[in-house]
Amino acid sequence: MTDAITIQTARLQIRPVPFQNEPVRSATDTFTFGLFRSDDETRVGTIRISPIRQADVRSAKIDCEIDLLFRRQGYATEVLPAMLTLSFATFDYRRVEATMNPNNEPALVVASRAGLPFDYSVLYGPSSQHLTFVYRPSGEPSPAVEFDRTAVSRLRQAKQYQAAKAFVASYLKQLPDDPMIHYQMAWCHDNLGEEAAAVPHYVAAIKLGLAAPDLQEAYVGLGSTYRALGRYDDAYRTLTEGLVHFPQHAVLQTFLALTLHNLDRSAEAIERLIGTLVDTTGNPEIHAYARALRFYASRVDETWDGN
């Protein structure tokens, strides 16, 4: 039956091929398919579907290898949904895994774009680093989704920022109205220097009711990102709004001072910075001059001649 299977996608024909010295269907029920360009029959890669024997439900894993010359051209993104459909509809698997190294950015993007219900497992340590995407048939309910903030933190601490972003993106597809997931996605974009992409997620997190203490950090993140993008009026509005909720937050005060400077309101910026310094420092010498510093901070352009 497998020998007769041919799948056509937009640019590829997928058909069974032998793998090394194995037949198309090996003794272990592993199926191997070649990926051929439809227009010229050039083989661009290989994909294998292998059973997982110890699983509690009928399960398989998918391994896809695109040849070096044809990577980053969207072929894996094109073929994975078709092979998942084959796994579920023809081979009757109820669970399919795709495992990859968190440093493999293209693979992470492909896995998170597959378009079927899925979740993650994470194994990260000195001797083992991988993420596993777990897919299920689109008509089946997935288990209750609970955001794994600890896993995201582990990936971020290990500077696996692309992996963290793909991880959070998977949850966002399933829980698009969860403020915490939007907040984490904003962080991921910021970690990667993608400030403009972070903005809508910060906005959504705040609008959807993110709770403190994350809410105050979301105001900091959004306000500072607006400022970095040169959107000074938006930064001022956001930071001021944040201070309505958290009036003693020193970082909000500091970023607001920087924004005031960008808005040509430097005297106000200095007064706010000095006030924050006096309020938060543990330096006894600063405290000794606190009264004078506050006085002059509010009169930064004034002079006195002693008369």
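This dialogue discusses aromatic contacts, charges over rings and a surface patch in a predicted model.

Biologist: How many aromatic pairs does the model contain, and what decides whether two rings pair?

Modeller: Ring centres must lie within 6.5 Å of each other to pair. By this rule the model has 3 aromatic pairs. In one of them, the ring centres of F31 and F91 are 4.5 Å apart and the planes meet at 15°; the pair is therefore stacked, because planes under 30 degrees apart count as such.

Biologist: Which parts of the chain do F31 and F91 tie together?

Modeller: F31 belongs to strand β3, residues 31-37, whereas F91 is in the loop between α1 (75-89) and β6 (95-100), so the pair ties together parts that are 60 residues apart in sequence.

Biologist: Are F31 and F91 buried or exposed?

Modeller: Buried means under 20% relative accessible area. F31 has 6% and is buried; F91 is likewise buried, at 6%.

Biologist: What arrangement do the rings of Y183 and W187 adopt?

Modeller: Their centres are 5.8 Å apart and their planes stand at 55°, so the pair is tilted. Both residues lie in helix α5, residues 179-191, where a spacing of 4 residues separates them by about one helical turn. With a relative accessible area of 2%, Y183 is buried, while W187 is partly exposed at 34%.

Biologist: Which charged residues sit over aromatic rings, and at what distance from the ring centre?

Modeller: Here the position of the charge relative to the ring normal matters as well as the distance, with a limit of 35 degrees. The charged end of R15 sits over the ring of F36, 3.8 Å from its centre. R58 lies over the face of Y93, at 4.3 Å from the ring centre.

Biologist: Which residues make the nonpolar surface patch?

Modeller: F295, Y296 and W304 make a nonpolar patch of about 340 Å² on the surface. Residues in such a patch have over 30% relative accessible area. Y296, at 47%, counts as partly exposed, and its place is in helix α12, residues 290-297.

Biologist: Where does A89 lie, and is A89 buried or exposed?

Modeller: A89 lies in helix α1. Its relative accessible area is 64%, so A89 is exposed, the cut-off being over 50%.

Biologist: What distance separates the C-alpha atoms of A89 and P137?

Modeller: The C-alpha atoms of A89 and P137 are separated by 8.5 Å, with the two residues 48 residues apart along the chain.

Terms used. Residues are numbered from 1 along each chain as its sequence is written. This is a predicted model: local features need pLDDT of at least 70, side-chain atom pairs count only at pLDDT 80 or more; totals for chains, interfaces and linings use all residues. Side-chain values use heavy atoms; hydrogens and water are left out. Patches are made of residues with over 30% relative accessible area and no salt bridge: like charges are joined within 9 Å, nonpolar side chains (Val, Leu, Ile, Met, Phe, Trp, Tyr) within 5 Å. Accessible areas come from the Shrake-Rupley method with a 1.4 Å probe; for residues, only the protein chains shown count as cover. A salt bridge is a side-chain nitrogen of Lys or Arg within 4 Å of a carboxyl oxygen of Asp or Glu. Helices (H or I, at least four residues) and strands (E, at least two) are DSSP runs, numbered from the N terminus. Buried means under 20% relative accessible area, exposed over 50%, partly exposed in between (1.4 Å probe, protein chains only). Rings of Phe, Tyr and Trp (its six-membered ring) pair if their centres lie within 6.5 Å; planes under 30 degrees apart count as stacked, over 60 as edge-to-face and the rest as tilted. A charge sits over a ring if NZ of Lys or CZ of Arg is within 6 Å of the ring centre and within 35 degrees of the ring normal.
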